[in-house]
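Reader: Please take a close look at one part of this model and describe what surrounds it. State the cut-off behind each term, since I want to know exactly how each value was obtained.

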Amino acid sequence: RDEDPPQLSITLRKAVVALWPKLFATDADGAEPSLLDGLTRAGGGKCASSGGGTSGVPARPKMPQSNARPHLVSGHSDARVVLSSAELPPLAVITFRDCARCELELAADASAVKLHVESCADCTLTVHGRVTTETLEVWRSDALRIGVHSP
């Protein structure tokens with residue numbers, strides 16, 4: 001366990017245009033690429049300053065509200081927990097938290113946006129269902145066994 005785990009930040013916006021002149025090979029030379037999420041930047045492609053001040057800190061773009069819904073499975077011990085589509089909200093972001101010696105499963109008929117496993121010990125997570133972002137995050141867990149059998 002690490003009290004201050006390392007973090008990784010990735011940005012697709014180029015800091016030095018001369019080193020990487022375009023995002024895709026099909027982009028026109030000298031043209032700034034559009035954002036991958038389809039949003040346009042304020043001010044013709046440049047970052048706007050926050051609140052109109054002169055601090056030089058870029059304003060955060062207004063992002064569309066996500067339709068994803070959290071689903072928490074927490075506090076189980078020595079149990080088998082199977083999540084099927086009937087138990088999950090549409091666009092579920094599933095978090096398994098504080099489980100011990102459990103068999104956790106995403107059934108074949110279920111789908112989730114993302115899976116999180118947090119503070120679980122000696123558990124088995126089996127994924128038969130679909131994870132649309134193909135993302136599984138594990139944090140502060142011990143002796144976790146993961147089996148992915150999704151389509």
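Author: The answer below goes from the chain as a whole to one pocket, then to the strands and loops that go with it.

The model is predicted, so local features need pLDDT of at least 70 and side-chain atom pairs count only at pLDDT 80 or more, while totals for chains, interfaces and linings use all residues. Residues are numbered from 1 along each chain as its sequence is written, and side-chain values use heavy atoms, with hydrogens and water left out.

The protein chain has ten strands and zero helices. Both are DSSP runs numbered from the N terminus: strands are E runs of at least two residues, helices H or I runs of at least four. Of the 151 residues, 25% are buried, where buried means under 20% relative accessible area, exposed over 50%, and partly exposed in between (1.4 Å probe, protein chains only). The chain exposes about 10,500 Å², of which carbon and sulfur atoms supply 54%; accessible areas come from the Shrake-Rupley method with a 1.4 Å probe, and for residues only the protein chains shown count as cover.

The part chosen is the second largest pocket, which holds about 210 Å³ of space. A pocket is an open set of points on a 1 Å grid over the protein atoms alone, where a 1.4 Å probe fits and protein lies on both sides within 12 Å along at least five of seven lines; lining residues have an atom within 4 Å of a point. Points are joined across faces, edges and corners, and the volume is the space filled by probe spheres set on them. The lining consists of Leu-115, Val-127, Arg-130, Val-131, Thr-132, Glu-134, Thr-135, Leu-136, Val-148, Ser-150 and Pro-151. By class this gives six nonpolar, three polar and two charged residues, with Ala, Val, Leu, Ile, Met, Phe, Trp, Tyr, Cys and Pro taken as nonpolar, Asp, Glu, Lys and Arg as charged, and the others, Gly among them, as polar.

One of the lining residues, Glu-134, sits in the loop between strand 8 (130–131) and strand 9 (136–139). Its phi is near 55°, a positive value in a residue other than glycine. Most residues other than glycine have a negative phi. At 73% relative accessibility, Glu-134 counts as exposed.

The next loop, between strand 9 and strand 10 (145–148), contains Arg-140. Arg-140 also has a positive phi, about 50°, although it is not a glycine. Its relative accessibility is 27%, so Arg-140 counts as partly exposed.

Strand 10 pairs with strand 7 in the parallel sense over four bridges; two strands pair if DSSP finds at least two bridges between them. In this pairing Thr-124 stands opposite Arg-145 in strand 10. Strand 7 (residues 124–127) also pairs with strand 4 (residues 103–106), again in the parallel sense over four bridges. There, Glu-105 stands opposite Thr-126 in strand 7.

For contrast with the exposed loop residue, consider Thr-95 in strand 3 (residues 92–97). At 13% relative accessibility, Thr-95 counts as buried. Leaving aside residues up to four places away in sequence, Thr-95 touches His-71, Leu-72, Val-73 and His-116, a contact being heavy atoms within 4.5 Å. His-71 belongs to strand 1 (residues 69–74) and, at 19% relative accessibility, counts as buried.
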